[in-house]
Amino acid sequence: MIVTVTHDAPATTTATLLATAASSGLAARMLPDDRGGAVIGVDGNLPPDALTLPGIHAVHRDHKPYMLASKEHRTRSVVRVGGVAIGAGTPVLMAGPCVVEGRDEIIEAARAVKAAGADILRGGAFKPRTSPYAFQGLGEEGLRCLAAAREVTGLPVVTEVLEPDQIELVAEYADMLQVGARNMANFPLLRRVGKLHKPVLLKRGFSATVEEWLMSAEYILAGGNANVVLCERGIRGFDPAVRFNLDLSAVPLAKELSHLPVVVDPSHGTGRRSLVPRMALAGLAAGADGLIVEVHPDPERARCDASQTITPAELASIHRRGLALHAALAEDEIAEYGFAEVALSA
Ligand code: PEP
Ligand code: MN
């Protein structure tokens, strides 16, 4: 059951609802809504006499299994990473190398992507590699390098967390925690990031349905962390010509079903550098709130995922054309329907 509570409800209303749930043996959690009120998701139904308290706005007994990620109580969420707002209108560009290669290297990359228009720096310190013999990242040293690059450029940093026990360490350095495709259904990890308030970039597993992806987001929201951004990064197809199939229909679908911002990763979503710019633009045309792109000053020499890594100059072109495309779509949609389906600046 979902119970929505108005912004001016007495504090006793939410406290009583939570206490009634607890005394009925039902787990419940509360998150703020976008009208200044709150939403309480209860694992079951509260008795009708508990639902007559002042300030209760609506009660939904029929809802999606992802109660808190669904559009039922919120129309749109904006997630703030450092000073950058994701989902507020202007598409956000996250960019950087697949893996942090060293202090000087990440500072050079950060400067380059910032000059190309990036808002957030990406780079893996702990890497999930298919082969145990492949470079696994610099670990904590990589996190220190990312922090140094933020210091120099002012760009907030997103980096992956692989294991529940790493979360606090990664959160000390990162502005946003990335949960990778291979960990989308790692429920202990999702529960632990749900206990923090750091923003989380939740990548879609490459064989996960959209509903499973939203249920993974629900784990994080249910823990009390409302700062989740979804990332479509490609699903497994049958054609080895591309590494993954970027599932762009999942972008408007996830936005139709959920209030969470959605970004697109055209790098892992194709595995081919030549396809990245077009698919990045296609992601924005599909309504994405931003992009996460692998960029290296010298892509051929990137230590990981070189074949899908683009240059800063290519990123600058995506930035320029992406903003123009976004503005043109918004204008066009307003002319056609009186509102824009692509997010407009708040
Ligand atoms: C990454 O972004 O570096 C990465 C490993 O992505 P994914 O989890 O989508 O494969
Ligand atoms: Mn990569």
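In this predicted model, Thr-4 has Val-39 in E3 as its bridge partner, a pairing that belongs to the antiparallel match of strand E1 (residues 2-5) with E3 over four bridges.

**The open sheet**

Val-39 also stands opposite Leu-31, and this second pairing belongs to the junction of strand E2 (residues 28-32) with strand E3 (residues 38-42), two antiparallel strands joined by five bridges. E2 and E3 form a hairpin with five residues between them, and within the turn Gly-36 has a positive phi of about 85°. These strands are part of an open sheet of four strands, ordered E2-E3-E1-E4 and paired in the antiparallel sense. E2 and strand E4 (56-60) stand at the edges of the sheet, and each has a single partner strand, so one side of each is left without a neighbour there. From one strand to the next, the twist in this sheet averages 20°. Helix H1 (residues 11-23) lies across E1, E2, E3 and E4, and its direction runs at about 5° to E3.

**The barrel**

Further along the chain, eight strands form a closed barrel with parallel pairing, which runs E7-E8-E9-E10-E11-E12-E13-E14. Its twist averages 25° from one strand to the next. Helix H6 packs on this sheet, where it touches strand E11 (200-203) and strand E12 (228-232), and the direction of H6 makes about 160° with that of E12. Elsewhere in the barrel, strand E7 (residues 92-96) and strand E8 (residues 120-122) run parallel and are joined by two bridges, with Ala-95 standing opposite Leu-121 in E8.

**Helix packing**

Two helix pairs are set out below.

| Helix pair | Residues | Axis separation | Crossing angle |
|---|---|---|---|
| H2 and H3 | 103-115 and 140-153 | within 9 Å | roughly 40° |
| H5 and H6 | 187-194 and 210-222 | 7 Å | about 40° |

Why do H2 and H3 count as oblique to each other? Their axes cross at roughly 40°, and that angle makes H2 oblique to H3. The crossing of H2 and H3 is right-handed. On the H2 side, the contact is made by Arg-103, Ile-106, Ile-107, Ala-110, Arg-111 and Lys-114, which meet Cys-145, Leu-146, Ala-148, Ala-149, Val-152 and Thr-153 in H3. By class, the residues of this contact divide into eight nonpolar, one polar and three charged.

For H5 and H6, the packing angle of about 40° likewise means that the two helices are oblique to each other, and their crossing is right-handed. Here Phe-187, Leu-190, Arg-191, Val-193 and Gly-194 in H5 meet Ser-216, Tyr-219, Ile-220 and Ala-222 in H6. The contact of H5 with H6 has six nonpolar, two polar and one charged residues.

**The surroundings of ligand 1**

Which residues lie around ligand 1? The shell consists of Cys-98, Gly-124, Pro-128, Gly-180, Ala-181, Arg-182, Lys-203, Arg-233, Asp-265 and His-268. Sorted by class, these residues around ligand 1 comprise three nonpolar, three polar and four charged members. One of them, Lys-203, belongs to strand E11 (200-203), a strand that H6 touches where it packs on the sheet.

Conventions
Residues numbered from 1 in each chain as written. Chains lettered and ligands numbered in written order. Predicted model: local features only at pLDDT ≥ 70, side-chain atom pairs only at ≥ 80, totals over all residues. Near = placed C-beta within 6 Å. Nonpolar A, V, L, I, M, F, W, Y, C, P; charged D, E, K, R; others polar. Axes fitted to C-alpha atoms, helices over the stretch in contact; angles between N-to-C directions. Parallel < 35°, antiparallel > 145°, perpendicular 65-115°, else oblique. Left-handed = near helix turned anticlockwise from the far one by under 90°. Contact = placed C-beta atoms within 7 Å. Pairing = 2+ DSSP bridges.
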